[in-house]
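Colleague: I would like to go through this model with you. Can we take it one question at a time?

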Amino acid sequence: MNTVISVNQARDHLGELIQQAHYLGKPFVLTRGKKPMAAIIGTQEFGRILELIETYDPALADTLALMMNPEVEELLKQGDAAIQKGEMVLFDNPLLAR
């Protein structure tokens, strides 16, 4: 079961929460007011979640891998900036349209 803790409490006890998440596998849900805002989980649990995603939804796994790639993130930022300026990006080779 998840332990619910406020963001302010988590800030005061972050090191302890990280140790419990990592060594005990204890997940924490961080809230602001009554609204869930984030979660802290251990690396083993995170790895297991990624394995399940890769097994049951390979397309989502590919999307997550792309989203965590800094080069792809930079290309997306450049694309957003170009769109804001009204610039066109060709679909046939978006990497060459600069």
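**Strands, surface and salt bridges**

Modeller: Start with the pairing of S2 and S3. These strands run antiparallel, joined by 5 bridges. Keep in mind that this is a predicted model.

Colleague: Which residue of S3 stands opposite Val29?

Modeller: S2 covers residues 28-32, and S3 covers residues 35-40. The two strands are antiparallel. Opposite Val29 stands Ala39.

Colleague: Which residue in the hairpin of S2 and S3 takes a positive phi?

Modeller: The hairpin has 2 residues between its strands. The phi in question is near 70 degrees. The residue is Gly33.

Colleague: What is the bridge partner of Val4 in S2?

Modeller: S1, residues 3-6, runs parallel to S2. The two are joined by 4 bridges. For Val4, the partner in S2 is Val29.

Colleague: Is Thr31 buried or exposed?

Modeller: Thr31 sits in S2. That strand is mostly covered, with 4 of its 5 residues buried. The cut-off for buried is under 20% relative accessible area. Thr31 has 9%, so it counts as buried.

Colleague: Which residues does Thr31 touch, leaving out those up to four places away in sequence?

Modeller: The list includes Pro36 and Met37. Both numbers fall within S3, residues 35-40. The other contacts of Thr31 are Val4, Ile5, Ser6 and Val7.

Colleague: Which element has the highest mean pLDDT, and which the lowest?

Modeller: The chain averages 88, and 89% of its residues score at least 70. The highest element mean is 97, for S2. The lowest is 86, for H5, residues 70-85. So the answer, highest then lowest, is S2 and H5.

Colleague: In what order do the elements run from the N terminus on?

Modeller: The chain has 5 helices and 3 strands. The order is β-α-α-β-β-α-α-α.

Colleague: What share of the residues in the chain is buried?

Modeller: The chain has 98 residues. It exposes about 8200 Å², with carbon and sulfur atoms supplying 60% of that area. The buried share of residues is 15%.

Colleague: Which residues form a nonpolar patch on the surface?

Modeller: One member lies in the loop between S3 and H3: Ile41. Patch members need over 30% relative accessible area. Ile41 is partly exposed at 34%, so it passes that cut-off. With about 240 Å² of accessible area together, the patch residues are Ile41, Phe46 and Ile49.

Colleague: How far apart are the closest N and O atoms of Glu51 and Arg48?

Modeller: Glu51 and Arg48 are 3 residues apart in H3, so about one helical turn separates them. Both are partly exposed, Glu51 at 43% and Arg48 at 46%. A salt bridge needs the atoms within 4 Å. In this pair the closest N and O atoms are 3.5 Å apart.

Colleague: With which residue does Lys77 form a salt bridge?

Modeller: The structure holds 2 salt bridges. In this one, the closest N and O atoms are 3.8 Å apart. The partners are 4 residues apart in H5, about one helical turn. The partner of Lys77 is partly exposed at 40% relative accessibility: Glu73.

Colleague: Among contacts between residues at least 6 apart in sequence, what share joins residues at least 24 apart?

Modeller: Contact here means heavy atoms within 4.5 Å. For the chain, the share is 27%.

Technical notes:
Residues numbered from 1 in each chain as written. Predicted model: local features only at pLDDT ≥ 70, side-chain atom pairs only at ≥ 80, totals over all residues. Heavy atoms only, no water. Buried < 20%, exposed > 50% of the residue type's maximum accessible area, 1.4 Å probe, protein only. pLDDT = per-residue confidence, 0-100. Pairing = 2+ DSSP bridges. Patch = residues over 30% accessible without salt bridge, like charges linked within 9 Å, V, L, I, M, F, W, Y side chains within 5 Å. Areas by Shrake-Rupley, 256 points an atom, 1.4 Å probe, with all protein chains shown as cover. Salt bridge = Lys/Arg side-chain N within 4 Å of Asp/Glu carboxyl O.
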